[in-house]
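The following account leads through a single protein chain, from one residue outward to the whole fold. Please keep the structure in view while reading.

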Amino acid sequence: MQPVHFDLFGARTGNCLRVAIAFEEAQLPYKVSKVDLRHAEHHAQDFLALNPAGKVPVIVEHGSGDEQKPRVLTQSNAILLHIADRVPGTLLPLESSAQRPIAYERFFYFLTEAIGPSHAGFWLRSQEYGLAAKRELDARVMHAIAAAERFASQTEFLGGDRFGLADIAAVTIIGTYEREIAWPSLPALRRWYETAISRPSVQRGMHAFDA
Ligand SMILES: N[C@@H](CCC(=O)N[C@@H](CS)C(=O)NCC(=O)O)C(=O)O
């Protein structure tokens with residue numbers, strides 16, 4: 001039986017970068033296949049056969065042994081949780097740990113309070129009257145990011161004592177808004193961000209889709 005390994009189909013977008021960082025942090029073998037969104041490669045027949053929704057990221061898991069066919073997953077957050085399950089104790093605290101519910105809470109905080117509204121705003125900007133709505137949503141995202149100062153002042157990482165899913169979610173979205181953040185009023189978050197962004201797994205993941 002071949003050892004477990006993964007194909008990651010994606011582009012340089014937040015949803016795909018989070019998956020690449022998770023693979024790096026969990027030290028799972030993965031091969032990147034770039035999907036050029038500008039040239040509509042996500043609408044090509046062979047890609048649609050993998051994900052009929054025509055969106056990235058997509059992972060294909062080979063050699064897991066529990067299924068006849070390779071496993072295909074097409075939702076970035078399901079992929080992140082699956083990677084966490086594959087290597088227990090890396091991206092989430094172990095089930096027995098009292099920190100696990102906090103890690104979940106902080107992970108979903110960044111997904112729903114920051115990444116979700118930010119994506120909605122990105123889409124709205126191309127719609128009629130969308131720019132004003134985008135600004136409102138961006139203000140909410142900035143507010144959610146600033147409120148994360150509390151997490152960074154409580155624990156070394158945003159989801160607890162170890163780097164994990166909450167940090168992966170936060171580092172990509174905070175990176176997007178980095179230049180607009182009022183850093184002098186957020187010293188704990190700044191300390192966390194400088195550590196997180198220079199972490200080798202984050203650096204490798206962030207560059208996974210570079211030329
Ligand atoms: N809920 C999906 C969203 C995937 C998604 O919207 N992917 C974007 C890039 S980040 C995409 O493929 N956009 C191309 C399109 O919608 O045409 C996930 O989290 O994986």
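Leu8 sits in strand E1, which covers residues 5-10. In this predicted model, Leu8 has a relative accessible area of 0% and is therefore buried, the cut-off being under 20%. Which residues does Leu8 touch, once those up to four places away in sequence are set aside? The list consists of Cys16, Val19, Ala20, Phe23, Tyr30, Lys31, Val32, Ser33, Pro57, Val58, Ile59 and Phe209. One of these partners, Val19, stands 11 residues from Leu8 in sequence, and the two C-alpha atoms are 8.3 Å apart in space.

Another partner of Leu8 is Pro57, a residue of the loop that joins helix H2 (45-50) to strand E3 (58-62). The peptide bond leading from Val56 to Pro57 is cis, and its omega is near 5 degrees. Val56 also provides a link back to the loop between E1 and H1, where Thr13 is found. Thr13 and Val56 are 43 residues apart along the chain, yet a distance of 8.7 Å separates their C-alpha atoms. Thr13 has 26% relative accessibility and so counts as partly exposed.

Two further loops in this part of the chain contain backbone conformations that deserve attention. Gln27, in the loop between helix H1 (14-26) and strand E2 (30-34), is not a glycine but has a positive phi, near 55 degrees. Its relative accessibility is 70%, so Gln27 counts as exposed. Ala40 lies in the loop between E2 and H2, and here too phi is positive, near 55 degrees, in a residue other than glycine. Ala40 counts as partly exposed because its relative accessibility is 34%, which falls between the limits of 20% and 50%.

Helix H5 offers a view of how a helix is packed in this model. H5 runs over residues 130-147, and at 1.5 Å a residue its 18 residues should span 26 Å; the C-alpha atoms at its ends are 26 Å apart, in agreement with that expectation. Which residues of H5 are buried? They are Gly130, Lys134, Leu137, Asp138, Val141, Ala144 and Ile145. Viewed down the axis of H5, these buried residues fall within an arc of 120 degrees, so they line one face of the helix. The face turned away from this buried side bears the exposed residues Arg135, Glu136, Arg140 and His143. Cover for the buried residues of H5 comes from elements that include helix H4 (100-124), helix H6 (149-154), helix H7 (165-176) and helix H8 (187-197).

The loop between H7 and H8 holds Leu186, which counts as buried because its relative accessibility is 8%. Leu186 and Ala147 are 39 residues apart along the chain, with 9.1 Å between their C-alpha atoms. Beyond residues up to four places away in sequence, Leu186 touches Ala146, Glu149 and Ile181.

Ile181 is likewise a contact of Ile174, whose partners outside four places in sequence also include Phe110, Ile145, Trp183, Leu189, Trp192 and Tyr193. Ile145 belongs to the buried residues of H5. Ile174 leads on to the largest nonpolar core, a set of 63 residues. Within this core, the residues with the most contacts are Phe23, Ile83, Phe110, Leu158, Ile174, Leu189 and Trp192. Phe23 is also among the contacts of Leu8 described above. In soluble globular proteins, nonpolar side chains tend to be buried together.

It remains to consider the chain as a whole. Its secondary structure amounts to 9 helices and 4 strands, and from the N terminus on the elements follow the order β-α-β-α-β-β-α-α-α-α-α-α-α. Among contacts with a separation of 6 or more, 64% are between residues 24 or more positions apart. A compact globule of 211 residues would have a radius of gyration near 17 Å, and the value for the protein chain, 18 Å, agrees with this. Along the principal axes, the C-alpha atoms fill a box of roughly 55 × 50 × 30 Å. Of the 211 residues, 48% count as buried. The chain exposes about 11,300 Å², and 54% of that area is supplied by carbon and sulfur atoms.

Note on methods: Residues are numbered from 1 along each chain as its sequence is written. This is a predicted model: local features need pLDDT of at least 70, side-chain atom pairs count only at pLDDT 80 or more; totals for chains, interfaces and linings use all residues. Side-chain values use heavy atoms; hydrogens and water are left out. Helices (H or I, at least four residues) and strands (E, at least two) are DSSP runs, numbered from the N terminus. The expected span of a helix is 1.5 Å times one less than its number of residues. Buried means under 20% relative accessible area, exposed over 50%, partly exposed in between (1.4 Å probe, protein chains only). The arc is that of the directions from the helix axis to the C-beta atoms. Contact means heavy atoms within 4.5 Å. The radius of gyration is taken over C-alpha atoms; the globule rule is 2.2 Å times the number of residues to the power 0.38. Accessible areas come from the Shrake-Rupley method with a 1.4 Å probe; for residues, only the protein chains shown count as cover. A nonpolar core is a set of buried Ala, Val, Leu, Ile, Met, Phe, Trp, Tyr and Cys residues joined through side-chain atoms within 4.5 Å.
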